[in-house]
Amino acid sequence: MTDRAPRQDGHAAMPPSYFSWFDLEPRFALPLEQLDLAYRTLASRVHPDRFANGTAAERRQALELATRANEAYRTLKTPVLRARHLLALRGIDLGETSASMPPAFLNAQIDRREALGDARAARDEAALRALGASVREHAGNLSARLAAQLDTDRNDAGAVDSVLQLMFLDKLIADVDDARDELEA
């Protein structure tokens, strides 16, 4: 499948990045309200319902463009995916890096995982809430560092390390949220 976005005249063009789909500067520190507005504008232009009376090829292309617009939006809306996309635009594939996690970070993750297991087993809502807040704070600090690494310092090696750490934290946040949901069920 090609990575095409509609031009103003309705024809497809090859953008260099998902950012170009929404006419946004490729930056980690992305103004999400601008992304949301640009997405709604693009989605309304390429929505398959607008081509319901078109040819089969036009309907298929509209569906493809709407799917790709949704993928581009989801990628840019999600910090880890946005950072990975920026690194990919710079020719860096995280799957091909040999980056390793700092031992202190890994030890902290082991401790947090144990705390999650203990809180889950004890059905301790307060402990889950505190753990979630702590991990979210760490993720926020890491995102701020990532913004500086990608947007200001152009420190791609540091950004790779930060993205990998943020991926760990995002997974832990999801697991904490799942544990809290289990308590409410």
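1. D36 touches Y73 and K77, leaving aside residues up to four places away in sequence. The model in which this is seen is a predicted one. D36 lies in helix 2. With Y73 the link is also polar: a contact of 2.6 Å joins the two side chains, D36 and Y73. Is D36 buried or exposed? Its relative accessibility is 18%, and D36 counts as buried because the limit for that word is under 20%.

2. Y73 also takes part in ring contacts. The count of aromatic pairs in the model comes to 3. One of them is formed by Y39 and Y73, whose ring centres are 4.0 Å apart with 20° between the planes, and this pair is stacked. The two tyrosines come from distant parts of the chain: Y39 is in helix 2 (residues 32-46) and Y73 is in helix 3 (residues 56-77), 34 residues apart. As for the label "stacked", it applies because planes under 30 degrees apart are counted that way.

3. Are the two stacked tyrosines, Y39 and Y73, buried or exposed? Y39 has a relative accessibility of 18% and counts as buried. Y73 has a relative accessible area of 19% and is buried as well. A student checking these values should note that the limit is under 20%. The rings of Y39 and Y73 also belong to a group: together with F22 they form one aromatic cluster.

4. A second aromatic pair has another geometry. In general, a pair of rings is described by the distance of the centres and the angle of the planes. F105 and F168 form an edge-to-face pair, with 5.8 Å from centre to centre and 90° between the planes. Where do these two rings sit in the chain? F105 belongs to helix 5 (residues 103-122) and F168 to helix 7 (residues 156-184), so the pair links distant parts of the chain, 63 residues apart. F105 is buried, at a relative accessible area of 7%. F168, at 39%, is partly exposed.

5. One ring has a charged residue over it. R82 lies over the face of F28, at 4.7 Å from the ring centre. R82 itself is among the buried residues of helix 4 (residues 79-89).

6. Which residues of helix 4 are buried? They are V80, R82, A83, H85, L86 and L87. The cover over these buried residues includes helix 1 (18-21), helix 2, helix 3, helix 6 (125-152) and helix 7. Just after helix 4 comes G91, which takes a positive phi of about 85°.

7. Next, the salt bridges. How many does the structure hold? There are 11 salt bridges. In one of them R68 is joined to E71, and the closest N and O atoms are 3.0 Å apart. R68 and E71 are both in helix 3, 3 residues apart, which is a separation of about one helical turn. Why does such spacing matter for direction? An α-helix has 3.6 residues a turn, so residues three or four places apart point the same way. R68 is buried, with a relative accessible area of 11%, whereas E71 counts as partly exposed at 27%.

8. Another salt bridge within one helix joins the side chains of R129 and E125, at 3.8 Å from N to O. R129 and E125 both lie in helix 6, 4 residues apart, or about one turn of the helix. Each is partly exposed: R129 has a relative accessible area of 45%, and E125 has 23%. Elsewhere, salt bridges with shared partners join E25, R27 and D151 into one network.

9. The salt bridge between E182 and R120 has an N to O distance of 3.3 Å. This pair links distant parts of the chain, with E182 in helix 7 and R120 in helix 5, 62 residues apart. E182 counts as partly exposed at 42% relative accessibility. R120 is partly exposed too, with a relative accessible area of 33%.

10. Two pairs are worth reading together. Helix 5 and helix 7 are linked by the rings of F105 and F168, and also by the salt bridge partners E182 and R120. Helix 2 and helix 3 are linked by Y39 and Y73, and the side chains of D36 and Y73 share a polar contact.

Definitions and conventions
Residues are numbered from 1 along each chain as its sequence is written. This is a predicted model: local features need pLDDT of at least 70, side-chain atom pairs count only at pLDDT 80 or more; totals for chains, interfaces and linings use all residues. Side-chain values use heavy atoms; hydrogens and water are left out. Rings of Phe, Tyr and Trp (its six-membered ring) pair if their centres lie within 6.5 Å; planes under 30 degrees apart count as stacked, over 60 as edge-to-face and the rest as tilted. Buried means under 20% relative accessible area, exposed over 50%, partly exposed in between (1.4 Å probe, protein chains only). A charge sits over a ring if NZ of Lys or CZ of Arg is within 6 Å of the ring centre and within 35 degrees of the ring normal. A polar contact is a pair of N or O atoms within 3.5 Å; within protein, one must be able to donate a hydrogen and the other to accept it, and residues adjacent in sequence count only if both atoms are side-chain atoms. Contact means heavy atoms within 4.5 Å. A salt bridge is a side-chain nitrogen of Lys or Arg within 4 Å of a carboxyl oxygen of Asp or Glu.
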